[in-house]
Amino acid sequence: MRITTALLLASTAIISTPAFAQDATPAADAAADASGAEIIVFGRGETRQVQEITNRDIITLTPGTNALKAIEKLPSVNFQSADPFGNYEWSQRVTIRSFNQNQLGFTFDGIPLGDMSYGNHNGLHITRAISSENIGSVRVSQGAGSLGTQATGNLGGTVETFSADPADYLSGGSLAGQGNLTYGSDETWRAFGRLALGTRDGIRGYISYGYGATDKWKGQGTQDQHMGNAKVVIPVGEAKIDGWLSYSDRREQDYQDMSMGMIRRLGWNWDNTYPDYARAIDYADRLNDVDLISNSGGSPFPDGLYDYSGASVAGGQVYPGNVTSADDAYYDAAGLRKDWLGAIGFTTPIGEKANFQIKGYYHNNSGMGLWATPYTPSPNGVPMSIRTTEYDMDRIGVFGSVDYTLGIQQLSVGAWYENNKFNQARRFYAFESRTSPGLSFRDYPTDPFYTQWAFDFTTNTFQYHVQDKIDLGMVTINLGWKGFQVTNKAEAIVQATFPQGKIKAQDWFQPHAGFAVELTPEAEIFGGFTQVTRAFASATTTGPFSTNQAGFDAIKDDLKPETSDTFELGLRYNTSRFNGTLGAYLVNFRNRLLAVQVGSPIQGLASALQNVGGVRAVGVEAAGDLKLGGGFGVYASYSYTDATYRDDVLNSSDGTLVAAIKGKTVVDSPKHMARGEFNYDNGPIFGRVGLNYMSRRYYSYTNDASVPGRLIVDASIGYRLTDKIEVQLNATNLFDKKYVGTIGSGGFGNSGDAQTLLVGAPQQFFATLKAGF
């Protein structure tokens with residue numbers, strides 16, 4: 001849901017060199033000040049498809065909502081989650097033009113965030129880097145993104161998030177404060193406070209703290225987060241120093257992964273058994289009891305049913321019927337994450353024609369993913385244990401650029417280096433007894449009884465770029481390239497079936513060429529070509545290291561990294577009443593690598609690494625805004641994507657068919673997405689109604705398993721009591737639609753139904769009081 005002070009779109013130039021925290025927001029704000037309260041900025045002058053959403057749109061979401069939920073209105077952006085805020089990391093997914101999340105590039109103030117996946121090996125999620133209230137803007141490039149983006153995985157688009165400049169909060173003086181208090185469905189509470197100090201043109205900074213907690217909307221459990229942010233900007237003559245520090249402590253209890261078969265058997269509200277420990281013990285007993293299995297003809301759940309008919313080992317509770325597997329319900333699961341992120345940057349002019357920027361950063365992460373597994377009993381006789389995947393990460397890096405104006409040319413040369421030390425381990429912890437779990441899934445367990453595997457990964461990344469932007473008046477030409485070398489090394493601490501060794505990906509020349517032609521003062525045409533190569537991942541749960549030693553040894557010297565070629569052509573049009581863009585694209589994707597999940601996700605088996613050949617994606621994108629007058633406005637976007645596999649999957653040793661996927665639609669790639677918004681802002685009253693449509697999505701490579709399309713409606717309304725106090729009401733999934741929110745939570749398989757879906761949140765309501773001084 002989105003509430004806004006207005007929805008007025010305009011075009012503005014967007015910087016294509018490496019962006020620093022304070023560079024993006026003023027540009028967007030300048031455009032906003034010129035024509036009203038700008039929300040979406042179409043990238044006028046850019047040679048690729050680019051849009052930018054400012055904080056005016058982000059802050060009108062329910063406070064604490066993932067800023068990525070705000071960009072789902074943009075064409076070709078597919079955002080999914082199982083919670084109303086888009087924060088639940090196990091469920092959160094972003095795909096753009098059929099590229100999934102680990103094939104996109106994400107940065108925060110230029111700092112690389114990696115692929116932002118749940119078990120991220122090279123970064124962190126944006127919601128653990130900054131509170132949504134402190135975001136200045138989010139820039140989306142649906143194609144391969146700018147050459148200077150700090151990312152080695154952006155085969156598809158890039159999503160760049162920028163913190164707000166403290167000057168934005170100091171318009172009324174040298175001290176400014178902001179406080180929000182939110183309450184809503186499922187005992188949702190969130191409080192946020194920010195204090196800004198300084199002067200708009202001098203030393204300035206802010207510090208903020210936010211805490212939010214919500215009960216799960218089905219089952220039982222809590223998801224909460226503590227978040228602290230601090231930023232400072234120090235002018236030094238014509239130069240500027242900026243610093244950032246953030247801390248996040250997130251703890252979230254998981255929802256049960258589902259399949260379509262489970263949804264039909266057990267219902268939309270089925271979840272883990274927590275806090276019913278006795279029922280989880282009974283399920284695990286049946287899985288592990290050899291006599292039960294043999295006496296029931298091979299199934300511990302007789303006749304395919306598990307119906308207690310009113311009886312219960314938990315003291316009279318009636319259990320739902322139709323439980324056919326211990327995988328239908330686990331006791332509990334959770335994700336725990338702690339992060340520190342710090343950075344310091346320096347920007348200065350060099351003479352009258354050059355500019356120099358440099359930023360160093362450090363990121364520390366520790367975390368666990370916990371699952372109560374019936375596949376490994378505790379040594380004290382409890383038929384299940386807590387299985388963890390544990391993460392420890394230390395990243396340190398630096399990036400910078402030199403920009404030089406030479407006549408009609410704007411030259412840019414930049415580089416980025418990062419050293420990432422990542423430890424990943426799989427451990428098991430015992431429950432206390434058959435009658436008491438002892439351990440809480442909201443705390444980090446200690447004293448494992450078994451370590452299945454543990455690895456140290458070291459990744460060294462070096463990337464550079466060269467760019468020349470030529471201004472010929474009505475024509476702009478953009479030429480350049482980037483190159484990188486990424487070396488991944490895995491060392492076993494506790495050896496298992498997963499491999500150790502070293503693998504390298506490098507591509508020193510990834511070209512880009514583009515143009516923008518001003519047809520009239522209102523219209524321009526743009527187009528371009530970009531080639532991108534993706535580096536390998538360093539983790540036992542993804543990429544080349546997720547297979548076994550024999551498989552890794554066979555591919556490490558010859559495995560080709562994934563590569564994409566993107567062609568774009570489009571038109572932008574801007575008047576005082578209408579602003580829009582229309583574009584088309586073609587993407588050829590080669591050497592597509594997929595680690596296919598073997599067994600249920602909880603079993604943690606080595607993946608089968610597959611090269612599924614090529615993918616071709618063609619599509620059309622359109623977005624526009626119309627001012628109707630009287631405070632009313634309409635925004636709409638539409639995208640059509642036809643992404644198909646170009647090759648069947650064959651066994652590399654004998655050429656036999658593994659999966660017939662040639663011509664099949666790429667998983668999690670809806671052909672049609674449409675977004676619409678009707679908004680009003682006049683005087684003290686403001687509001688918005690948003691519609692979000694997505695067509696059918698496949699979750700098997702052979703396209704024999706899918707979830708239907710869905711239309712979700714959000715709504716919001718607000719009232720400004722004064723210029724400093726306002727009340728905001730938000731509703732998500734207004735008509736209480738039952739739908740699958742996330743697909744692929746447990747990976748994708750070649751064919752058949754799989755336990756890899758998460759149900760979307762039902763109708764939710766929230767109220768927020770905002771006050772400032």
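Here are three short exercises on a predicted model, each with a worked solution.

**Exercise 1. Enclosed space**

Task: Find how many cavities of 30 Å³ or more the structure holds, and work out what surrounds the second largest cavity.

Solution: Start with the count, which is 16 cavities of 30 Å³ or more. Next, turn to the second largest cavity, where about 400 Å³ of space lies. Its lining is made up of 30 residues, and those nearest the centre are Gly64, Asn87, Arg190, Gln225 and Arg250. Now look for the elements that give two or more residues to this lining: they are strands E11 (188–198), E12 (204–215), E13 (222–236) and E14 (239–253). Finally, sort the lining residues by character, which gives 14 polar, 11 nonpolar and 5 charged.

**Exercise 2. A nonpolar patch**

Task: Locate the nonpolar patch on the surface that includes Tyr573, and say which strand gives the largest share of the patch.

Solution: Begin with the members: Tyr573 is joined by Phe578, Leu626, Leu628, Phe632, Val634, Phe678, Val689, Leu691, Tyr693 and Leu711. Together they have about 870 Å² of accessible area. Then map the patch onto strands; E27 (615–629), E28 (632–645) and E32 (685–694) each supply at least two residues. The largest share, 3 residues, belongs to E32.

**Exercise 3. One patch member**

Task: Place Phe678 in its strand and decide whether Phe678 is buried, partly exposed or exposed.

Solution: First find the element: Phe678 sits in strand E31 (residues 672–682). Then take its relative accessibility, 42%. Buried means under 20% and exposed means over 50%, so Phe678 counts as partly exposed.

Terms used. Residues are numbered from 1 along each chain as its sequence is written. This is a predicted model: local features need pLDDT of at least 70, side-chain atom pairs count only at pLDDT 80 or more; totals for chains, interfaces and linings use all residues. Side-chain values use heavy atoms; hydrogens and water are left out. On a 1 Å grid over the protein atoms alone, a cavity is a set of points where a 1.4 Å probe fits but cannot get out, and a pocket is an open set with protein on both sides within 12 Å along at least five of seven lines; lining residues have an atom within 4 Å of a point. Grid points are joined across faces, edges and corners, and a volume is the space filled by probe spheres set on the points. Helices (H or I, at least four residues) and strands (E, at least two) are DSSP runs, numbered from the N terminus. Ala, Val, Leu, Ile, Met, Phe, Trp, Tyr, Cys and Pro count as nonpolar, Asp, Glu, Lys and Arg as charged, and the others, Gly among them, as polar. Patches are made of residues with over 30% relative accessible area and no salt bridge: like charges are joined within 9 Å, nonpolar side chains (Val, Leu, Ile, Met, Phe, Trp, Tyr) within 5 Å. Accessible areas come from the Shrake-Rupley method with a 1.4 Å probe; for residues, only the protein chains shown count as cover. A salt bridge is a side-chain nitrogen of Lys or Arg within 4 Å of a carboxyl oxygen of Asp or Glu. Buried means under 20% relative accessible area, exposed over 50%, partly exposed in between (1.4 Å probe, protein chains only).
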